[in-house]
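Please find below a short note on the charged side-chain contacts of this entry. The points are numbered for ease of reply.

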Amino acid sequence: MMSTDSGATFLEESATTPGEEPSVNDNLELLASEGFADWLNQENVSLAFGTPPSKFWMVGVDDEGELSIFDRVLDKVMGLATDGHDRLSVATRYEIWHFENMLKAGTTTDSGHDRLFVPRSQSIVGNVNIHDLGIDKDGKDIWVNTRFGCLASSSDHASFIPRWIPPFLDGALQGDRCHLNGLAMVDGEPRYVTCVGQTNEVDSWRDGRRDQGIVIDIRTNQILGRGMSMPHSPRFYRDKIWVANAGTGELGYIDTEQERFEPIFFGPGFLRGLCFVGDYAVVGSSKPRRGDLYSGLPLDEKLEESGMDAHLGLFVVNITTGELAHWLLVEGNVRELFDVCALNGAKRPAIIGLLGSEIATELWFDDSLPIPQERREAVPFQ
Amino acid sequence: MSAANGTRVGLVDLQPHVPTPSPGFSDFLAEHDLTVAVFENGRLWSISHDDEGNFLAHPTSFEPKGMVTWSSGQLWVTGRWSLWSLADAGPSEPRHHSTNHLMLPQVGHVVGDLDVTDLVPSDQGPFMVSARFDVLARHDDRYSMSPVWVAPNVQTFTPLRQYFLTGAVISPSNKLWVTAATNGTHGETWFDHVQGGGLVMNSTGEVLLDGLTGPLQPRFFGENLIVVEAGTGRLLSIDPKSGDDVEVTVLTGVPSSLHVIDHFALVGHGAPSRALMSKMTGGPALPGDYPSDRVSLIDLTNGTVVGTLVFEGFSGPISSITTLENMRGAHFVSPRSSRSQNTCVVDEFSPLF
């Protein structure tokens, strides 16, 4: 048994450090721009994101400053959220998983990981397309339920609790009517959302994909930005509402007085998934495919004009200049990325997967034995 | 599958055999508005009668040696590393297998391999009895578990199985009683002391009854504790004040689970080779050359076995039994099923602002 100074005890049964999970030979390859690892090192950050159908990635740097990639199998990773410290929440095809980091700052696993996220619970919410996910100041999840057109929270007695519904929808009903898809948290509370349209008929939002996208302040139900093409991933950062305007391949912010989107950057791809690190935005990029939801958009014309191919991966954009600073591309038979999450202060994170034996053998306890009196008093028996 | 000569020999359906109720067991189901949940070798069976009196038995895949209980308005089920809560979503639409109560998995807690041998109901979800760490614990948002009671002599979270806790129950007056395979003084050699080394004790470690072999899953019937011994097949009624015990009956084979409802005990028992602990030889031999695992229904007022539910064929040990009262025709949904993925229960709107 190995005791850490993290206030927790790790029962080391199989001399395990993360790595036991059965590997999936999916022939995916990550390609990074020169300087990307240095940038992660300088910013003291690592990044987490998923590439459906099955991969979840954590990208950091090792002790030599080289890129460190850690991946696990998770089913259709969509929205991601962290409380900035020890909790990581991951929306998958029909579940929300909550992971807890078990390592205290300054400690590492035997293999040198300075964060070890262990799965702690999963809420089954149904296959409802959880595009975006937040954790509120009380630690409760709040997420975008695209299929039912509402913000929702998980529950221990139902699939979900509807918490907010766009004013133009009849209710939290099955059927994607406006493609509600993004959520920005402000000071631990949900605040801004993105929709592709203001329509109330199932699938009718598809007709407005080129220019009917909006940003709504959910406290007032006021529309703060209009005319966007499939906007996603609103984020509130440095007093601005940032949006990935996916249908044009642009990253920008909302001019709330003019109710319009102000682009600062074009990236070759369907931009979706956004987080911030210092002066930089990290925006995800997916590949459109002819004839699918992501095609027939202004992005097609922009790509053709510029002679560029769309890419799957991450673009690191300097938000003070609008210039591309770094990139990380995922090559292989995948094309989507829904969200990216910054793990501040984490150099080289790892996560316990769901398929290997480690989910059963990784046991972590509060070190406090004998059991504290207050916990004894809280139990209903003598 | 093709034979050597190229002819197709056909597909073989390896579904487990449907358990067979005796007339007495059927009468019990007919007279009680409930579903019996039986954990049998990785299958959680729902056993009941439908509204027309037809026998219903439906298996749902979980993991081997799971535990099941009804607690705080939900069904709780353990797997090797998880603790699941299943909520009643009401009748299935469209109506499916006469389902009146579709039990959908809602939250799965990752607790790791604690070797849970019993679940104890409480108002805030169940306590897990961990044989591996000799503790009662709740699930926890941050750690694998949150212990609320530790057996005497246990100083650290070490998987020694000093006592090998086998069950627990809380009395109506909130007194905790636990069963253990040994008295906790043998360290890593506990396994050599299970014959006659088992006991029933309270929360302070005071021994109520010892000299038992593999007592497990204590329950209350009125004022008395009911305990079944895996090693002897004896079903005992114990006065918790004096420790005096009365033999209610002796079961065939090796008992492996116990549940009490009204004045009945439901006891799961099977062949010795599938014993909870390999030193348990159980009571008299089960009938037949290939004895089947079964649930026996025992009238606790007179010790009579009034019914049986027999699992023929590829059955395994029955590790846990509970009842879902006022819920005839419950149907359990596996967390990994497409049903779980594609069924939503939408709660009432709860506005953010």
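1. R219(A) has a relative accessibility of 42% and so counts as partly exposed. In this predicted model, the side chain of R219(A) forms a salt bridge with that of E189(A), with an N to O distance of 2.5 Å. E189(A) is likewise partly exposed, its relative accessible area being 24%.

2. The contact between E189(A) and R219(A) links distant parts of chain A. E189(A) belongs to strand β16 (residues 189-195), whereas R219(A) sits in the loop between β17 (213-217) and β18 (222-228), 30 residues apart.

3. A further salt bridge in chain A pairs E301(A) with R210(A), whose closest N and O atoms are 3.0 Å apart. Because E301(A) lies in helix α2 (residues 298-306) and R210(A) in the loop between β16 and β17, this pair ties together parts that are 91 residues apart in sequence. E301(A) is partly exposed at 36% relative accessible area, and R210(A) is partly exposed at 40% relative accessibility.

4. In chain B, K241(B) and E223(B) form a salt bridge with closest N and O atoms 4.0 Å apart. K241(B) is found in the loop between β19 (234-238) and β20 (245-250), and E223(B) in the loop between β17 (215-221) and β18 (224-229), 18 residues apart. Both residues of this pair, K241(B) and E223(B), are exposed.

5. Salt bridges with shared partners also join R87(A), E100(A) and R142(B) into one network. Over all chains, the structure holds 24 salt bridges, including the pairs E189(A) with R219(A) and E301(A) with R210(A).

Definitions and conventions: Residues numbered from 1 in each chain as written. Chains lettered and ligands numbered in written order. Predicted model: local features only at pLDDT ≥ 70, side-chain atom pairs only at ≥ 80, totals over all residues. Heavy atoms only, no water. Helix = DSSP H or I, 4+ residues; strand = E, 2+ residues; numbered from the N terminus. Buried < 20%, exposed > 50% of the residue type's maximum accessible area, 1.4 Å probe, protein only.
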